[in-house]
Amino acid sequence: MSGLFDIPSDLQNTYGGLVVLHLRLALVPVLAGLVVALPLAQLCVRLRWLYPPVLWVTTILYAVPSLAFFVVLIDYTGQTETTVMIPLAVYSLVVFVPAIVDGVRSVPQETLDAATAMGLGPVRRYLQVQLPIAVPALVAGLRVATVSSISLVSVGMLIGNQGGLGNLLNDGMIYHQPRLIWLSVIGTAVLAIAADVVLVGVRVLLTPWMPRGGGGSRAASVSGPAAVSAPASHSASAEARPAAPVSKDAVR
């Protein structure tokens, strides 16, 4: 192995191939967790009594070590990528559910009333009003879940080389090659940082109404999605405002 990125033959892969494998093992569970968390969080918003039990269950599952998950799942899914992905998807729920619930609950009641007055039903109101306003909280949870998933994928090296870049960590210890260990550690850190930067860019694109700096923060906050209630409130205040009294001089 003369080159820096030469990979042991037992991995049957290139360094670039391991990077792609690592991203697939990390991002697919995050997307699966997001798909499950969106309707589950909406149920928790509509049924407030459901939120504490769901939070307890997701927190308890998050406390279960990944190796224990592997031991339980390996009899059913074998030494495959699915065995690694299922625990990562479950772990992401403890981040997604509170983030989505808090984001949706932060929508002003006036905005919801205005959306209802415009004829939006519960589903359209959730998709077109509540979720767009909850994007900052949702992306914040997505950033945490993505970085955590990228770092935890390496544990999959313990079940038959299903750890992406973590496989290099295992081979580095077996063959006493510090170079492989550094390639694994630095590569995983770079992927996590790059994914976080991309998600920050996604948040900026999806929330043009959010302030970008110190100046103009008030104008940005007013021009956001919450401003959908402004016309209704303005018209209501205009109707309620009494007419200005006419002075006697004006009459003369």
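Reader: Is G172 buried or exposed, and which number tells me so?

Author: In this predicted model, G172 has a relative accessibility of 2%, and because buried means under 20% relative accessible area, G172 counts as buried. You will find G172 in helix α8, which covers residues 166-174. For the protein taken as a whole, buried residues make up 39% of the 252 residues.

Reader: How many residues apart along the chain are G172 and S184, and what distance separates their C-alpha atoms?

Author: G172 and S184 are 12 residues apart along the chain, and their C-alpha atoms are separated by 8.9 Å.

Reader: Before I go further, how many helices and how many strands should I look for?

Author: You should look for 12 helices, and you will find 0 strands, so that when you follow the elements from the N terminus on, each entry in the order reads α.

Reader: How should I read a salt bridge, and how many does the structure hold?

Author: The general idea is that side chains of opposite charge can pair when their charged atoms come close. In this structure there are 2 salt bridges. One of them joins the side chains of E81 and R24, with a distance of 2.6 Å from N to O. Since E81 lies in helix α4 and R24 in helix α1, the pair ties together parts that are 57 residues apart in sequence.

Reader: What do the accessibility values say about E81 and about R24?

Author: E81 has a relative accessible area of 23% and is partly exposed, while R24, at 36% relative accessibility, also counts as partly exposed.

Reader: Which residue forms a salt bridge with D196?

Author: D196 forms a salt bridge with R143, and the closest N and O atoms of the two are 2.7 Å apart. This pair links distant parts of the chain, with D196 in helix α9 and R143 in helix α7, 53 residues apart. As for its surroundings, R143 is partly exposed, at 30% relative accessibility.

Reader: How can I read the empty space in a structure, and what is the volume of the largest pocket?

Author: The general idea is that rolling a probe the size of a water molecule over the atoms shows where empty space is left. Here the largest pocket has a volume of about 210 Å³. It is lined by 13 residues, and those closest to its centre are V45, R46, V104, L112 and Q130.

Reader: Which helices supply the lining of the largest pocket, and how does that lining divide by class?

Author: At least two residues each are supplied by α1 (15-46), α4 (81-105), α5 (109-117) and α6 (122-133), and the largest share, 4 residues, comes from α6. By class, the lining of the largest pocket divides into 6 nonpolar, 3 polar and 4 charged residues.

Reader: How much space lies in the second largest pocket, and which residues line it?

Author: About 170 Å³ of space lies in the second largest pocket, and its lining includes L23, L27, V30, L142, T146, L191 and V198. Helices α1, α7 (135-152) and α9 (178-206) each supply at least two residues of this lining, with α9 giving the most, 5 residues. The classes of the lining of the second largest pocket are 10 nonpolar, 1 polar and no charged.

Reader: How many cavities of 30 Å³ or more are counted, and what lines the largest cavity?

Author: A cavity differs from a pocket in that the probe fits inside but cannot get out, and the count here comes to 1 cavity of 30 Å³ or more. About 30 Å³ of space lies in the largest cavity, which is lined by S66, F70, V84, P87, L88, L152 and V155. Both α3 (66-77) and α4 supply at least two residues of this lining, and the largest share, 3 residues, comes from α4. By class, the lining of the largest cavity has 6 nonpolar, 1 polar and no charged residues.

Reader: Turning to the surface, which residues form a nonpolar patch there?

Author: W182, V185, I186 and V190 form a nonpolar patch on the surface, and together they have about 410 Å² of accessible area. To find the patch in the structure, you can start from V190, whose place is in helix α9.

Note on methods: Residues are numbered from 1 along each chain as its sequence is written. This is a predicted model: local features need pLDDT of at least 70, side-chain atom pairs count only at pLDDT 80 or more; totals for chains, interfaces and linings use all residues. Side-chain values use heavy atoms; hydrogens and water are left out. On a 1 Å grid over the protein atoms alone, a cavity is a set of points where a 1.4 Å probe fits but cannot get out, and a pocket is an open set with protein on both sides within 12 Å along at least five of seven lines; lining residues have an atom within 4 Å of a point. Grid points are joined across faces, edges and corners, and a volume is the space filled by probe spheres set on the points. Ala, Val, Leu, Ile, Met, Phe, Trp, Tyr, Cys and Pro count as nonpolar, Asp, Glu, Lys and Arg as charged, and the others, Gly among them, as polar. Patches are made of residues with over 30% relative accessible area and no salt bridge: like charges are joined within 9 Å, nonpolar side chains (Val, Leu, Ile, Met, Phe, Trp, Tyr) within 5 Å. Accessible areas come from the Shrake-Rupley method with a 1.4 Å probe; for residues, only the protein chains shown count as cover. A salt bridge is a side-chain nitrogen of Lys or Arg within 4 Å of a carboxyl oxygen of Asp or Glu. Buried means under 20% relative accessible area, exposed over 50%, partly exposed in between (1.4 Å probe, protein chains only).
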